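Work through the exercises below with the model open beside you. Try each task before you read its solution.

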Amino acid sequence: MKRDWFITRHSAWTLALPLIGILLLLQLSTLPQRLDNWLYDTLVTAFPPASSEDVVIVAIDENSLSEIGPWPWPRAVHARLIRNLTAAGANRIVMDILFPEPTTDDPVLADAMREHGGVILPLYLAPGSQSDLFREQLPTPTLATAAFALGHAHVELDSDGIARGLYLYNGLGNSLWPAMALQAGASEPSRGPTAFPEQQAPPYVNVRREFRRVPLAGRSGAYTTLSYSDLLDNPAGHPWLDGKTVLVGATAAGFGDVLPTPFSGLAQPMSGVEFHANALAAAQRGELIREAPRYWMAGLSLLTVLMVVLVLPRLRPSGTFVFSCLMFTAIVTGAVTTLLVLNLWVPIAHALLVVVIAFPLWSARRLSLANHFLNQQIDQLERGNLLHLPATWSRSPRQILANLRALLTPDGWLLMEDNQVLEQHNLRPEDRHPGWQGSPGTWHHDQGVSRLTLTRGDNRYRLALLLPPGLAGAAAERYLGRLTLQAPDREPVAVIRENLSTRINRAQEATQKLNHIQGFIWRSFEHMPDGIIVTDPLGLILFANSHVPRWFNEPQPSLQSMSLATLLQGHDPRSPGWAETLADTLTQQQSRTVDLRLHGRDFLIHFAPFLLPDSNQNGIIANISDISELREQQRQHREAIDFISHDVRSPLVSQLALIEQLKRRPGEVQVEQLDQLRKLARRSYHLAEEFVQLARAEQLTETRFYDCEFLSIVENARDSVSEQALEKSIKLVLLGNDDLWLRGNAELLERAVINLLTNAVQYSEPGTAVTMQVFRAGHQACLTVTDEGPGIAASELPTLFDRFQRQKSSELAGKHGVGLGLSFVSVVVEKHKGEIAVESKEGEGSAFTLKLPVADHPDESRDGRGD
């Protein structure tokens, strides 16, 4: 055999598939992300940029709070600071302080900002309350117009809680605000958001663009920091502030405006204003770090897998370790180069893990293939046939008799062990027929009795069956003649000596063919839309695809070797039994198609005989098709035809008749006739509208769902039927004031509630009340509509939500309907995965209750920025 023969034949699959599988599993864990974060943190802390001398921080620290007073300070204090910084020659002033509420000192602060001309104020995006949408928290109009620019102050936290960067643009819809770091370097005033026309998003959705990592100059304290109170007392003592960019923000621990960074982690977090100082300096120097697109990471991983698969199998064992080390070094070097030179971060954890895993994986695979290849191929060949066919002659005579009795239903039988009777019915043991003197395993048929001799070890058995007369008995005799119930005599297998490599080739080719066929058959059976059952010649189940245990509600292991006749008779008993149908299929070799009813569903089962492999015996393939939906469609089709032929046609015929009357007497048109014509036309319209609405509800999918508030839906529905209620002096009472958020289709939900309210008003007496109670029960939003009408008979409740069902009492009272309104409500509730229930007693009114799953209102994402 040539050197590394198995490698050249199997290198791609034996190495690539495990590596790809491991990569997919790694996607489910946080290990790659943690490794990438560790690598990035190690690099940025090992090669930090120098702090910028043009950026200075004015800190609201503990000393300033002690001297000036508790927070918040009057805005006149901030105005005084800005005037002092103006006098010191500060170029830009970035106030990392929010001013959303107006105060009496706003004009003073605005004047100070205008005098400087380069003050930048922050804004914040957050919901007004827990149940509110995102909105922009801007400075007061007085201050916003006086500012040089406005910029967002959000800092992004990674999944491990570390602040490594920020988004350059953040806002609502397609109008996004630049970050403060960008605005500090702007040459022109910018008090409004930047429009991104290509950004298609609703105006209430928080949108972020262009994430950049910030290279930090070091731990907290890397930038020159002055105390706020010092600048208030002695502004002239800092002449070196001339031309600097000054950031004013909180550093005192009480503010909570702190961020864990790669330098400090959670132990020594950095203040938000110092993080913005680092971002500002990096933006001015063009050193903000871009992240490579995710497909770069996937491409790098796949490229690494490809190189490993192509190179490792071609190397000698001594070269695989060297190659793995070189690959590891090249990937790390490339990542360091792109980060330090191009300011681009490429996640490399997946690629590194491929290299680290590939070396031991390939080494183990090489040894496994070298030591066990032949045994693995032979074992796989023996285990390959999942559709294993147990030999019929391997069963005991008692089992064979029991199976033949269940399958052929003979009129009599006899089973003897030597001279002892084991089982007997309508046949005498004294019958010593010459047919029992033949060779074991050969049937002898005489006058309707079939006889067989079997041997099991040292025991000799005699089996006789009294078959029914006629064609069925003749077919059974032919079937028995094809059964092999006695183990055949086997000749010794000659040992053929051959070259080892030839044996390996033959075993491999045979295994590949077998696995190919087996995989094809297995996938075909498992993915068929119908249930498939395969039996042996005795009608015992050999194989059943996944549909069968689910439809029959039977565990898969219990189906193996179960009689198909027993399975069918146990779930859908009938007379004559299923055994006769199966016997006809096996003995007469004719297909059969029979209806089957399982747990309230309709099926069609088709039996077909087939010749078992390497045998002249027949088994059965049973194909089970679920036709419940087809039967339901047929029923709905018939109901729709009845509906069109009667309910729709009837008002149209009446309209045509009335129009003919008006044509014969055109000068005598009466108002009553026009009113009648209008009512008929309105009824036709309502019938068509209900039919269309029901069709829309049945086609509803979750792709048309969105966040909606249930109480508002009920209020809108109440307003829609208020005029109808007013005509009957019916009072509509709404109880409940809690906002309940749902994930659904508000339009169809509102139509469903309107249907319930319309029914309640229609069937209520004038002067009564209809109560709507909206409340939450656990994880469900509930609505109960209660009326004081005549109620519903108990006999009509089970079919109340079926199509075209009308209450008998309502029809007799002249309140005609089509029977689609409540069916529409039921369909809408079902599409929303909810429940509907009704409680009613005749003479006491009705109460309909809807229960729909609630959805928590979307919370704003944390961005690591304190107030």
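The exercises go from the whole chain to a sheet, then to charged pairs and the surface.

This is a predicted model.

**Exercise 1. The whole protein**

Task: Find how many helices and strands the protein has, and what share of its residues is buried.

Solution:
- Start with the secondary structure. It comes to 25 helices and 33 strands.
- Turn to burial. Of the 867 residues, 45% are buried.
- Look at the contacts with a separation of 6 or more. Residues 24 or more positions apart account for 70% of them.
- Finish with the outside. The protein exposes about 44300 Å², and carbon and sulfur atoms supply 54% of that area.

**Exercise 2. A five-strand sheet**

Task: In the open sheet of five strands, give the strand order and find which strands stand at the edges.

Solution:
- Read off the order. It is 28-30-31-33-32, with mixed pairing.
- Take the two ends. Strand 28 (731-735) and strand 32 (835-840) each have a single partner strand, so one side of each is left without a neighbour in the sheet.
- Check the twist. From one strand to the next it averages 15 degrees.
- Examine one pair. Strand 32 and strand 33 (residues 846-853) run antiparallel and share six bridges. Ala 837 stands opposite Thr 849 of strand 33.
- Add the helix that packs on the sheet. Helix 22 (residues 710-727) touches strand 28, strand 30 (769-777), strand 31 (780-786) and strand 33. The direction of helix 22 makes about 170 degrees with that of strand 28.

**Exercise 3. A salt bridge between distant parts of the chain**

Task: Locate Asp 54 and Lys 244, and decide whether each is buried, partly exposed or exposed.

Solution:
- Recall the principle. Side chains of opposite charge can pair when their charged atoms come close.
- Apply it here. The closest N and O atoms of Asp 54 and Lys 244 are 4.0 Å apart, and the two residues form a salt bridge.
- Place the partners. Asp 54 lies in the loop between helix 2 (31-46) and strand 1 (55-60), and Lys 244 in the loop between helix 8 and strand 12. They are 190 residues apart, so the pair links distant parts of the chain.
- Classify Lys 244. Its relative accessibility is 14%, so it counts as buried, the cut-off being under 20%.
- Classify Asp 54. Its relative accessible area is 41%, so it is partly exposed.

**Exercise 4. More charged pairs**

Task: What are the closest N and O distances in the pairs Asp 572 with Arg 574 and Arg 718 with Asp 719?

Solution:
- Take Asp 572 and Arg 574. Their closest N and O atoms are 2.8 Å apart. Asp 572 is buried at 13%, whereas Arg 574 is partly exposed at 29%.
- Take Arg 718 and Asp 719. Here the distance is 3.5 Å. Arg 718 is partly exposed at 24%, and Asp 719 is partly exposed at 45%.
- Look beyond pairs. Asp 41, Asp 158, Asp 160 and Arg 164 are linked in a network of salt bridges.
- Set these in context. The whole structure holds 21 salt bridges.

**Exercise 5. At the surface**

Task: Which residues form a nonpolar patch with Leu 342, and where does Leu 342 lie?

Solution:
- Name the members. Phe 47, Leu 340 and Val 341 join Leu 342 in the patch. Together the four have about 410 Å² of accessible area.
- Place Leu 342. It lies in the loop between helix 11 (317-340) and strand 16 (344-345).
- Classify it. Leu 342 has 51% relative accessibility, so it counts as exposed.

Terms used: Residues are numbered from 1 along each chain as its sequence is written. This is a predicted model: local features need pLDDT of at least 70, side-chain atom pairs count only at pLDDT 80 or more; totals for chains, interfaces and linings use all residues. Side-chain values use heavy atoms; hydrogens and water are left out. Helices (H or I, at least four residues) and strands (E, at least two) are DSSP runs, numbered from the N terminus. Buried means under 20% relative accessible area, exposed over 50%, partly exposed in between (1.4 Å probe, protein chains only). Contact means heavy atoms within 4.5 Å. Accessible areas come from the Shrake-Rupley method with a 1.4 Å probe; for residues, only the protein chains shown count as cover. Patches are made of residues with over 30% relative accessible area and no salt bridge: like charges are joined within 9 Å, nonpolar side chains (Val, Leu, Ile, Met, Phe, Trp, Tyr) within 5 Å. A salt bridge is a side-chain nitrogen of Lys or Arg within 4 Å of a carboxyl oxygen of Asp or Glu. Two strands pair if DSSP finds at least two bridges between them. Axes are lines fitted to C-alpha atoms, for helices over the stretch in contact, and angles run from 0 to 180 degrees between N-to-C directions.
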